[in-house]
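Colleague: I would like a close look at one part of this model. Please take me through the residue contacts there and then through the surroundings.

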Amino acid sequence: MAIPLLEYKPSSQNQRVPGYEIPNENTPRPYRIENCAENSDVQELIWAAYRQVFSEHEILKFFRQDNLESQVKNRAITVRDFIRGLAKSEAFRTLVIETNSNYRLVEIALKRFLGRAPYNKDEEIAWSIKIATAGWDGFVDALIDSEEYLTNFGENIVPYQRRRYKDRPFNLVTPRYGNYWRDKLEDARYIEGDIKNFLALANSINIRTVTYTPVNLANIKIPDTSRETVPQGIPVSINSSANFPVR
């Protein structure tokens, strides 16, 4: 029997209040499959989905999902199912899931799939229990099939950050791994010594001062390079036509 999602009280945040901002460069651009008349438009939508889900502005060909891309180009699947497939792909598991804790995964998933940050710690705990009981795939289905997702993005819109007043967008401030994994990588990188001892290491290096010996130019004897003999042989003309007559 699956454990139901714990109840939590949403905090008041920007995305829960209708906006009255004047559109500017910070206003997100929705990518809809209905607006894609050309193949290039569909390709832009696909790349927008990669940027939103993977938070990578350059995706390696090795991580691309050619099968899903082909299906969304042919309208065989909806954009919502395309997002679902990217979230459940082995590439996403390698880049994001395996390098983060459940709490961190909840934060990443809410920002990338629902376009908002977690309301509070209670919501993070509730969804992290969902990951622990239903697994990552069950957690993804619960988010993408939720009423909140369908109300804001429907079947054919790529998720985006719904409201933003300041700071950088989510896909620029949520890297693939958190501070814990980053520090772990840094510790493994500097196995020979602690980076905190760098100053002591620099002070322990014996630096020898370079001393210059003054030289008196009057004592330098310049050798005589003039020739005493006249070169022998037949002089050669510098005129090319004289050396190589034209036939």
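Which residues does Ala87 touch, not counting residues up to four places away in sequence?

Modeller: Ala87 touches Val53, Phe92, Phe113, Trp136 and Val140 (contact means heavy atoms within 4.5 Å). That count leaves out residues up to four places away in sequence. First, the ground rules. This is a predicted model, in which local features need pLDDT of at least 70 and side-chain atom pairs count only at pLDDT 80 or more, while totals for chains, interfaces and linings use all residues. Residues are numbered from 1 along each chain as its sequence is written, and side-chain values use heavy atoms, with hydrogens and water left out.

Ala87 sits in helix 3 (helices are DSSP runs of H or I, at least four residues, numbered from the N terminus). Ala87 is buried, at 0% relative accessibility (buried is under 20% relative accessible area, exposed over 50%, partly exposed in between, with a 1.4 Å probe and protein chains only). Val140 is 53 residues away from Ala87 in sequence. In space, their C-alpha atoms are 7.1 Å apart.

Trp136 and Val140 bring us to helix 6, where both are buried. Other buried residues of helix 6 include Trp127, Ile131, Phe139 and Leu143. The buried residues of this helix pack against helix 3, helix 4, helix 5 and helix 7.

Helix 6 is not straight. Residues 121-144 make 24 residues, yet the end C-alpha atoms are only 21 Å apart. A straight helix would reach 34 Å (1.5 Å times one less than its number of residues). The bend is about 120°, at Ala134 (the angle between axes fitted to the seven residues ending there and the seven starting there). At the N-terminal end, Asn120 acts as a cap. A side-chain oxygen of Asn120 lies 3.2 Å from the backbone nitrogen of Asp122.

Now the neighbours. Thr99 lies in the loop between helix 4 and helix 5. Thr99 is buried, with a relative accessible area of 12%. The Thr99 side chain reaches the backbone oxygen of Leu95 at 3.2 Å. A polar atom of the same side chain lies 3.1 Å from the backbone oxygen of Val96.

Helix 5 carries charged pairs. Glu107 forms a salt bridge with Arg104 at 3.5 Å (a side-chain nitrogen of Lys or Arg within 4 Å of a carboxyl oxygen of Asp or Glu). These two lie three residues apart in helix 5, about one turn. Glu107 also meets Lys111 in a salt bridge, 3.0 Å from N to O. Here the spacing is four residues. An α-helix has 3.6 residues a turn, so residues three or four places apart point the same way. Arg104 is buried at 16% relative accessibility, and Lys111 is buried at 9%.

Another pair reaches further along the chain. Arg116 and Glu148 meet in a salt bridge, 2.6 Å from N to O. Arg116 lies in the loop between helix 5 and helix 6 and Glu148 in helix 7, so the pair ties together parts 32 residues apart in sequence. Arg116 is buried, with a relative accessible area of 1%. Glu148 is partly exposed, at 23%.

Salt bridges also link Arg80, Asp81, Arg84, Lys88, Asp141, Asp145 and Glu155 in a network. The structure holds 15 salt bridges.

Last, the whole chain. The chain has eleven helices and zero strands. Buried residues make up 32% of its 247 residues. Of the contacts with a separation of 6 or more, 72% join residues 24 or more positions apart.

Key
Polar contact = N/O pair within 3.5 Å; in protein donor to acceptor, adjacent residues only side chain to side chain.
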